[in-house]
Amino acid sequence: MKIFFLFTFLPFLLSAFEQAAASAHYDKILTHSRIRARDQGPNVCALQQVMGTKKKYFSTCRNWYQQSICGKKATVLYECCPGYMKMDGTRGCPAVAPIDHVYGTLGIVGATTTQRYSDMSKLRQEIEGRGSFTFFAPSNEAWDQLDSETHRNLVDNVNIELYNSLHHHMLNKRMLTKDLKNGMTLVSMYNGQKLFINHYPNGVVTVNCARIIHGNQIATNGVVHVIDRVLTSVANTIQDFIEFEDELSSFRAPAITSGVMDILGRPGHYTIFAPTNEAFEKLPRGVLERIMGDKVASEALVKFHILNTLQCSEAITGGAVYETLEGNTVEVGCDGESLTVNGVKMVKRKDIVRSNGVIHLIDQVLIPDSAKQVIELGGAQQTTFTDLVAQLGLASSLRPEGQYTLLAPLNGAFSDDTLRLDQRLLKRILQNHIIKVKVGLNELYNGQELETIGGKLLRVFVYRTAVCIENSCMVRGSKEGRNGFIHIFRQIISPAEKTLHEMLRNDKRFSIFLSLVKAADLDDVLSQPGQWTLFVPTNDAFKGLTDDDKDILIRDKNALRNILLYHLTQGVFIGSGFEPGVTNILKTIQGGKLYLKTVNDTLLVNELKSRESDLMATNGVIHVIDKLLYPAELPVGNDQLLTILKKLIKYIQIKFVRDSTFKEIPLTFYNPSITQLTKLIEGEPEFKIVREGETITKVIHGGPEIKYTRITAGGSDNEEKLKKILEEEVTKVTKFIEGDGHLLEDEEIKRLLQGEAPVRKAQPTRRAQGGGARRRTRLDHS
């Protein structure tokens with residue numbers, strides 16, 4: 001029964017403790033202040049005072065260890081904690097302060113001006129008498145800071161104006177700081193006027209945005225809290241203020257048209273950073289007109305200035321990030337007496353308290369990313385890219401109603417040599433950094449192809465901790481604008497133009513490796529479409545290799561293939577896509593393992609440095625090395641081969657097991673495909689669709705017969721047929737269907753070859769010489 005009782009009421013007990021903790025931030029901070037001052041004697045509290053001001057705080061750990069508040073140096077003060085006092089000849093504050101009625105307590109806490117005004121206004125008799133009151137008493141400095149006209153009006157009419165004002169600072173019940181919960185609304189003793197309480201996690205408690213600087217001074221008939229400003233009446237809403245404030249007419253217009261103004265008339269706890277007319281005048285005219293003409297953008301603009309939490313200026317003692325109604329965040333901080341937004345001093349007037357929140361007037365307009373054009377999303381680290389896009393006339397092609405994705409390299413990616421290129425070439429480079437569609441980071445996937453406005457297809461590679469496009473990987477900072485995304489990249493993106501085999505053939509550094517590839521009959525692997533990572537040794541890796549040595553290697557085709565295929569792995573692995581300092585294990589086609597990691601932006605392969613990495617090919621990527629790789633666990637059983645390998649490989653000990661042989665690696669690990677075929681077919685072609693293993697035959701009137709044969713890996717007959725087809729001079733087949741205008745897409749061709757019916761898509765037609773609407777289709781046979 002006891003256990004049942006415990007489990008039944010435990011949630012309620014925990015909830016009660018949590019609520020108490022949530023409303024007792026002031027008391028927690030005060031406790032920490034006592035702990036920091038324990039060496040000074042009993043009941044001493046440590047405070048921080050902002051240098052050059054009289055502002056003192058019971059500080060958070062963050063401010064204490066930074067030794068600053070709002071970016072300003074803070075000195076440490078030791079004072080008696082509230083309710084205690086010093087005694088002559090003793091350390092600390094061992095004595096309890098005398099308890100008096102509220103009027104007498106005003107003198108004890110040093111609020112002597114409030115005490116004098118209570119006497120002048122005939123309030124003294126009330127707060128000396130019976131009752132239970134809470135008095136939010138303005139400090140002497142608070143009365144001094146009150147504007148002179150208001151101050152004079154109060155003092156000139158003490159029996160009404162001053163009396164009513166003091167009543168507005170009072171509650172007819174005692175409430176300690178632990179009772180003052182965040183978001184609470186209390187009724188003052190003057191005419192039912194509202195007092196809005198905020199109790200912040202940093203221990204600051206505010207009443208109508210006035211900070212309690214000395215709390216919980218107990219009196220016989222209540223409690224006194226000293227505050228840092230004189231309270232004024234709060235009546236209307238934020239909506240009412242904006243509608244009648246002349247200085248906010250420019251902000252009022254989009255607030256009304258977007259429908260956000262209605263939100264600001266509802267109950268709530270809002271903070272609004274309202275840009276003045278002067279702030280709007282600073283905006284470029286074109287930008288302002290575009291946003292005002294776009295309801296979605298103007299709504300986003302207005303909502304970006306509104307927080308759904310109430311943030312009084314006195315509660316901000318350091319930077320913090322808050323979510324706006326628009327959905328993105330702003331950082332609100334302080335610099336001395338000034339509030340900052342996103343690190344910029346822009347608040348002209350603060351703490352205009354209304355019934356549903358607080359208003360701070362700012363002299364700059366905050367434009368969220370969602371209201372910006374995609375080209376405007378570039379930050380300080382992408383200015384080279386955005387400037388070039390504008391200078392080369394590409395910005396004008398990014399229509400406001402379009403959808404784009406910018407792949408923006410960092411400024412450092414543009415070398416002097418790149419910037420000196422011919423403008424036409426530079427424009428083509430930039431075109432390959434602009435995608436025709438809007439693609440967010442969470443929409444990218446491995447193997448995806450993205451078409452640029454330059455007509456190139458860029459491949460996407462997704463790794464455990466990186467997303468790369470071709471040779472370049474993203475850095476943090478992706479943003480979404482009104483008409484597109486911008487993603488930030490480390491390097492300029494270089495689309496692949498050649499196959500792995502073509503790249504080896506065109507670079508003399510790889511001539512020896514390429515000759516061995518040819519001898520091992522691996523040319524086709526590096527020529528055909530695929531996804532490979534190839535580690536290519538330069539000719540320097542073969543120093544000391546004689547022609548006789550080479551002949552011995554070539555004669556043992558199994559050994560040669562094992563060695564070469566240890567340099568090849570399935571999949572495209574970009575060097576900068578690896579998590580720095582972490583070893584990545586890749587299985588090679590040979591069967592052994594490669595160990596890769598990046599250290600200081602250098603790719604290491606089996607602890608060997610890659611001299612050049614991320615050379616992109618249409619069917620993979622090349623990483624250049626200057627040593628021949630060899631699987632350490634693979635034994636050699638031939639004395640001659642061992643001697644040759646020892647000449648080339650000195651970084652590992654090669655195992656020798658006499659008469660051991662290398663396994664045979666058949667060329668079934670890749671699927672050869674027919675290269676693209678081009679042939680203009682006049683007239684009306686007819687196709688016969690048959691199943692796998694048969695042929696598709698078309699007789700062209702007046703021309704040769706062409707056979708398309710589905711090829712699978714393995715088998716001498718199939719290899720012979722493939723070779724025969726590849727030797728044809730035909731390079732492409734173009735099908736014209738008179739009147740229909742439908743072209744077969746790549747996927748449709750695949751379905752045809754597999755004996756399935758094609759799915760037709762409606763496409764625009766282009767007129768060609770000869771009458772009928774004609775189309776050109778690329779056939780990829782696989």
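Hi everyone, let me start with a pair of helices. The axes of helix α8, residues 148-156, and helix α9, residues 158-168, come within 6 Å and cross at roughly 120 degrees. That crossing makes α8 oblique to α9, because angles of 65 to 115 degrees would count as roughly perpendicular and only those over 145 as roughly antiparallel. Which residues of α8 and α9 make the contact? From α8 we have Asn 153, Leu 154, Val 155 and Asp 156, and from α9 we have Val 158, Glu 161, Leu 162 and Ser 165. Sorted by class, the contact of α8 with α9 has 4 nonpolar, 2 polar and 2 charged residues. If you wonder about the choice of numbers here, two packed helices are described by the angle between their axes and the distance between the axes.

Before I go on, please keep in mind that this is a predicted model.

Now a step back to the whole chain. The protein has 782 residues, and 48% of them count as buried. It has 26 helices and 39 strands. Its accessible surface comes to about 39,300 Å², and carbon and sulfur atoms account for 50% of that. And how do the contacts spread along the sequence? Taking contacts between residues at least 6 apart in sequence, 63% join residues that are at least 24 apart.

Let's move to the sheets, beginning with one of 4 strands. This is an open sheet with the order β2-β1-β4-β3 and antiparallel pairing. Which strands sit at its edges? They are β2, residues 56-57, and β3, residues 68-69, and each of these pairs on one side only. On the β3 side, the partner is β4, residues 72-80, and the two strands pair in the antiparallel sense over 2 bridges. If you want to find that pairing on the screen, look for Ser 68, which stands opposite Lys 73 in β4. There is a helix on this sheet too: α2, residues 25-36, packs on it and touches both β1, residues 44-50, and β4. The direction of α2 makes about 100 degrees with that of β1, so by the angle classes the two are roughly perpendicular.

The other sheet I'd like to show has 7 strands. It is open as well, with the order β30-β29-β35-β34-β33-β32-β31, and here the pairing is mixed. Its edge strands are β30, residues 568-570, and β31, residues 584-587, each pairing on one side only. On average, neighbouring strands of this sheet are turned by 30 degrees against each other, direction ignored.

Within that sheet, let's follow β33, β34 and β35. Strand β33, residues 602-605, pairs with β34, residues 608-617, in the antiparallel sense over 2 bridges. Val 605 has Leu 608 of β34 as its bridge partner. The hairpin of β33 and β34 has 2 residues between the strands, and in that hairpin Asn 606 takes a positive phi near 50 degrees.

Next along is β35, residues 620-625, which runs antiparallel to β34 and is joined to it by 5 bridges. The hairpin that joins β34 to β35 also goes through 2 residues. Two bridges to look up are Met 616 with Val 621 of β35, and Ser 610 with Ile 625 of β35.

Ile 625 brings us to a neighbour, Thr 538. Where is Thr 538? It lies in the loop between β29, residues 532-537, and α22, residues 547-555. Is Thr 538 buried or exposed? At 9% relative accessibility, Thr 538 counts as buried. Leaving aside residues up to four places away in sequence, Thr 538 touches Arg 509, Phe 510, Val 624, Ile 625 and Asp 626.

Last topic: two more residues with a positive phi that are not glycines. Lys 122 has a phi near 70 degrees, and its place is in the loop between α5, residues 112-120, and α6, residues 124-128. Lys 122 counts as exposed, at 62% relative accessibility. Asn 216 has a positive phi of about 60 degrees, but Asn 216 lies in a strand, β12, residues 210-219. With a relative accessible area of 17%, Asn 216 is buried, since the cut-off for buried is under 20%.

That's my tour, thanks for listening!

Technical notes:
Residues are numbered from 1 along each chain as its sequence is written. This is a predicted model: local features need pLDDT of at least 70, side-chain atom pairs count only at pLDDT 80 or more; totals for chains, interfaces and linings use all residues. Side-chain values use heavy atoms; hydrogens and water are left out. Buried means under 20% relative accessible area, exposed over 50%, partly exposed in between (1.4 Å probe, protein chains only). Contact means heavy atoms within 4.5 Å. Accessible areas come from the Shrake-Rupley method with a 1.4 Å probe; for residues, only the protein chains shown count as cover. Two strands pair if DSSP finds at least two bridges between them. Axes are lines fitted to C-alpha atoms, for helices over the stretch in contact, and angles run from 0 to 180 degrees between N-to-C directions. Angles under 35 degrees count as roughly parallel, over 145 as roughly antiparallel, 65 to 115 as roughly perpendicular and the rest as oblique. Ala, Val, Leu, Ile, Met, Phe, Trp, Tyr, Cys and Pro count as nonpolar, Asp, Glu, Lys and Arg as charged, and the others, Gly among them, as polar.
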